[in-house]
Amino acid sequence: MKKINLLGSTGSIGVQTLDVARARGYKIESLAAFSNVDIIEKQIREFKPAYAALVDEKAAADLKVRVADLPVKVYSGLEGVSFCGAEAEGEITLNSVVGMAGLKPTLDAVNAGKIIALANKETLVAGGKLVTDAAKKNNVPLLPVDSEHSAIFQCLLGAPRNSALKRIILTASGGPFFGKTRAELEKVTLADALKHPSWSMGQKITIDSATMFNKGLELIEAVWLFDVSPDMIDIVVHRESIVHSLIEYDDNSVIAQLGHPDMRLPIQFAITYPDRFPSPEKQLDLWEVGNLSFYKPDYENFPCMDICRNAIKKGGLIPAAVNCANEEANLLFRQGKISFLQIPEFISKAAEYAPDKPDYTLQDVLDTDILMREKVRELASI
Ligand code: NAD
Ligand code: MG
């Protein structure tokens, strides 16, 4: 029976991970989240982990009182999250925290020798070199949960001997604003941006999907996970979200992974790898789907893809800088303080201030985060 430490348990991926654990009877050793006491209390009562943590101190104090009748130990702060990922007994730490706040807990879990199932893409974007170096040093696998990366990972499992990978083709739904002109994008609202056509996800990633910054993050994530150059990665808009991504070999053979848009499959595969088991995902009936469509992305009106591609080409702290600037711009948009088109504008402007440092430490990433958030707020006159 697999034992899991789950970080970000109250969110969209966290809750679906618990669906998988419930269906397959996995033991949950720890649960960590930001502040949602009601949800985590219910999760603790059902899954009986040894440890739990909430970042928010007040919420953690409240939780401690509420679960005093159980043997669970409750921690607080980001250290509490790190403890749950690194010190609890699960052999797999699934990180579904949102944002680069997940970087330190990921590094701590890697250094503790845990197998990492990674949904938290900002971790690889902000600290790709730190995470992959630590994973190599500790000989631990980084298993993708993101559906596109799980698809690529699954396609690569069948790689024949002496085969050279030529290209990775990341599929993108195109989000709610696919096909819109710049004039139309000027007027879009938060409510419009939150209407994703195919996936139900947390608010931050839903906005990232509307700006297409999410696909930029995924491009950088793929560079680190599969050790490929950014030029080997293409993006294709695929509205139905059935083909989750593709790979191409040097003989031009293209291999794809298909399925309904349901995160429980990639979550489960990251946990069960190298085995496969029946999953809650609905069987794919292609006649029901009917048509699969593919389009070129609109790089002009959705510049976030190129912002990310250029950032990973420059390397060093630049990917961290654009990620952190986006985290702040995304938040300000959700708070109604900036417009949709100001998101890419402010990311580009803020990233000009990023320190030029090819070799960086965790502290450099954390300092870049503070600087970028300040710059974006300055640009927004806050
Ligand atoms: P969400 O907002 O629904 O949940 C985020 C979780 O992280 C919550 O449990 C929250 O309490 C916790 N959290 C927030 N800040 C934290 C902090 N500082 N420390 C510890 N925990 C913190 O987000 P989500 O949609 O579940 O996405 C989580 C991650 O997975 C993101 O990186 C996202 O890009 C990635 N992802 C999500 C999906 C999806 O379908 N939702 C798909 C692919 C990848
Ligand atoms: Mg994805």
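The crossing of helix 15 and helix 16 is right-handed, meaning that the near helix is turned clockwise from the far one by less than a right angle, whereas an anticlockwise turn counts as left-handed. The model is predicted, with local features requiring pLDDT of at least 70 and side-chain atom pairs pLDDT 80 or more, while totals for chains, interfaces and linings use all residues. Residues are numbered from 1 along each chain as its sequence is written, chains are lettered from A and ligands numbered from 1 in the order written, and side-chain values use heavy atoms, without hydrogens and water.

Helix 15 spans residues 318-334 and helix 16 residues 342-351; they pack at an angle of about 145°, with axes 9 Å apart. Helices here are DSSP runs of H or I with at least four residues, strands are E runs of at least two, and both are numbered from the N terminus. Axes are lines fitted to C-alpha atoms, for helices over the stretch in contact, and angles run from 0 to 180 degrees between N-to-C directions. On one side of this pair are V322, A325, N326, A329 and F333 of helix 15, which meet I343, I347, A350 and A351 of helix 16, contact meaning heavy atoms within 4.5 Å. By class, this contact has eight nonpolar, one polar and no charged residues. Ala, Val, Leu, Ile, Met, Phe, Trp, Tyr, Cys and Pro count as nonpolar, Asp, Glu, Lys and Arg as charged, and the others, Gly among them, as polar.

Turning to the metal site, the magnesium ion (ligand 2) has D146 (OD), E148 (OE) and E218 (OE) as its protein donors, at 2.1 to 2.3 Å. Donors are N, O and S atoms within 2.8 Å of the metal (3.2 Å for Na, K and Ca), and water is not among the atoms, so sites may look incomplete. The spacing of the donor residues in sequence is D-x1-E-x69-E. D146 and E148 are both buried, a term for under 20% relative accessible area, with exposed over 50% and partly exposed in between (1.4 Å probe, protein chains only).

E148 also belongs to the buried residues of helix 7. Nine of the 10 residues of this helix (residues 147-156) are buried, so helix 7 is largely enclosed by the rest of the structure. Its buried residues pack against several elements, including strand 8 (165-172), helix 11 (213-226) and helix 12. Within helix 11 sits K215, which counts as buried at 5% relative accessibility. Leaving aside residues up to four places away in sequence, K215 touches E148, L170, T171, A172, I235 and M305.

Helix 11 has a further partner in helix 6 (residues 121-138): their axes come within 8 Å and cross at roughly 20°. The two are therefore roughly parallel to each other, angles under 35 degrees counting as roughly parallel, over 145 as roughly antiparallel, 65 to 115 as roughly perpendicular and the rest as oblique. Helix 6 passes helix 11 in a left-handed crossing. Among the residues in contact are L124 and G128 of helix 6, with the metal donor E218 and W224 of helix 11.

Some backbone details complete the picture. The peptide bond from Y273 to P274 is cis, with omega near 10°, and P274 lies in the loop between helix 12 and helix 13 (286-289). N139, in the loop between helix 6 and strand 7, has a positive phi of about 55° although it is not a glycine; at 69% relative accessibility, N139 counts as exposed.
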